[in-house]
Amino acid sequence: MAPSAVIAAAGLSARMRDFKPLLSLGSSTIIRHTIDVLRTAGADPILVVTGYQSAVLERHLFSNGVMFLKNERFAQTDMLTSLQLGLRTLSPDTDRVFLTPADVPLVSPDTLKRMLTVRGQVVCPMYQGRQGHPLLVDREAVSQILDWKGSGGIRGLMDTGTLEIVRVETGDPAIRMDADTPEDYKRLLQYQARLQGHGNLRMDLQLNIGMEELFLTTENIQLLDMIGQTGSIQNACACMHISYSKGWKAVNTMERQLGFPVVRRTAGGADGGGSSLTERGVELLACYRLFRQKVYEEALRQFDLCFPKYLRGSQRKGDK
């Protein structure tokens with residue numbers, strides 16, 4: 001029976017400061033690479049659990065033949081919750097499931113095929129004695145994962161000793177390579193270049209808008225979104241791993257430059273205080289996203305027109 005796969009792609013990409021699944025990787029994106037390697041190993045169906053920017057991600061993967069499920073509480077929950085949602089959606093007849101975050105894209109298909117030759121409640125890939133992704137779990141492990149309410153995610157469950165874990169040394173460094181930070185992303189690009197024998201031109205479009213100061217940045221747009229999602233500037237800052245004072249400063253700068261409030265503050269009381277976006281704040285967020293989408297689509301079109309394929313790295317060294 002073919003294995004299934006659940007990809008956790010609901011996170012905020014807060015430390016990366018860009019939306020990780022859609023980062024360029026060669027001629028494709030991180031999330032498409034992750035899907036492609038799972039499909040090469042025979043995974044079917046493949047379920048992508050979305051959350052932050054779910055509509056954008058679903059549009060991007062519309063023609064990739066994957067299933068979608070949204071973690072509506074992505075701002076308040078962790079990757080384990082997304083994986084549990086995905087596992088509950090799969091058929092109860094599913095025999096084995098690959099579990100992976102979206103940003104581990106360069107795992108060798110041979111690694112996954114080797115894991116499938118091993119039986120165990122959890123098959124865990126290793127590189128130089130250290131654990132990586134994806135995990136391959138069977139029905140018994142799925143049952144325990146769905147019931148797990150402890151800390152530490154799936155690794156916390158594995159540490160309890162209640163699961164039969166088979167560790168497989170793979171010799172594949174990519175099982176431990178993700179895109180949590182800009183430095184991690186750079187390492188992915190370097191590793192892909194070594195695999196291909198050459199690098200690839202890529203476009204990094206940073207769209208910043210402002211007046212005297214540039215205040216509509218990727219980070220500040222994400223901050224507005226998180227305020228709307230969580231109902232609190234404090235919670236939004238916590239989700240994004242930035243200080244409360246930095247969040248307030250960003251909001252104050254936006255409002256000073258624009259001349260109108262984008263965040264509505266609610267005084268504390270029996271139910272506590274909170275924050276929400278004003279109507280103009282919601283409109284501002286929507287306008288930026290629409291503008292960025294149109295600029296990005298046109299920029300990609302111009303990129304393809306202006307740079308021949310051989311310059312973009314579609315041919316290997318020595319190709320004529």
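Helices and strands are named here as DSSP runs, with at least four residues for a helix and at least two for a strand, and they are numbered from the N terminus. In this predicted model, Thr94 lies in the loop between helix H3 (79-89) and strand E6 (96-101). Because buried means under 20% relative accessible area, Thr94 counts as buried at 12% relative accessibility. When residues up to four places away in sequence are not counted, Thr94 touches Ser4 and Arg139.

**Strand E7 and its partners**

Strand E7 covers residues 122-127, and five of its six residues are buried, so the strand is largely enclosed by the rest of the structure. The pairings of E7 are set out below.

| Partner of E7 | Bridges | Direction | A facing pair |
|---|---|---|---|
| E8 (residues 130-131) | Two | antiparallel | Tyr127 and Arg130 |
| E9 (residues 135-138) | Two | antiparallel | Val123 and Leu136 |
| E10 (residues 165-169) | Five | parallel | Val122 and Ile165 |

With E10, then, E7 runs parallel and is joined by five bridges, whereas E7 and E9 run antiparallel and are joined by two bridges. The pairing of E7 with E8 is likewise antiparallel, with two bridges, and the bridge partner of Tyr127 in E8 is Arg130. E7 and E8 form a hairpin that has two residues between the strands, and in this hairpin Gln128 takes a positive phi near 50°.

**Helix H5**

Helix H5 spans residues 139-147, and its buried residues are Ala141, Val142, Gln144 and Ile145. These residues cover an arc of only 165° around the axis, which puts them on the same side of H5. An α-helix has 3.6 residues a turn, so residues three or four places apart point the same way. The buried residues of H5 pack against H3, E6, E7, E9 and helix H6 (153-159), and among these elements E7 is itself largely enclosed by the rest of the structure.

**A nonpolar surface patch**

On the surface, Leu201, Phe307, Tyr310 and Leu311 form a nonpolar patch, and together these residues have about 390 Å² of accessible area. Phe307, one of the members of the patch, lies in the loop between helix H11 (279-306) and helix H12 (309-312). With a relative accessible area of 34%, Phe307 is partly exposed, because that class holds the values between the buried limit of 20% and the exposed limit of 50%. The value for Phe307 also meets the condition for joining a patch, since patches are made of residues with over 30% relative accessible area and no salt bridge.

Note on methods
Residues are numbered from 1 along each chain as its sequence is written. This is a predicted model: local features need pLDDT of at least 70, side-chain atom pairs count only at pLDDT 80 or more; totals for chains, interfaces and linings use all residues. Side-chain values use heavy atoms; hydrogens and water are left out. Patches are made of residues with over 30% relative accessible area and no salt bridge: like charges are joined within 9 Å, nonpolar side chains (Val, Leu, Ile, Met, Phe, Trp, Tyr) within 5 Å. Accessible areas come from the Shrake-Rupley method with a 1.4 Å probe; for residues, only the protein chains shown count as cover. A salt bridge is a side-chain nitrogen of Lys or Arg within 4 Å of a carboxyl oxygen of Asp or Glu. Buried means under 20% relative accessible area, exposed over 50%, partly exposed in between (1.4 Å probe, protein chains only). Two strands pair if DSSP finds at least two bridges between them. Contact means heavy atoms within 4.5 Å. The arc is that of the directions from the helix axis to the C-beta atoms.
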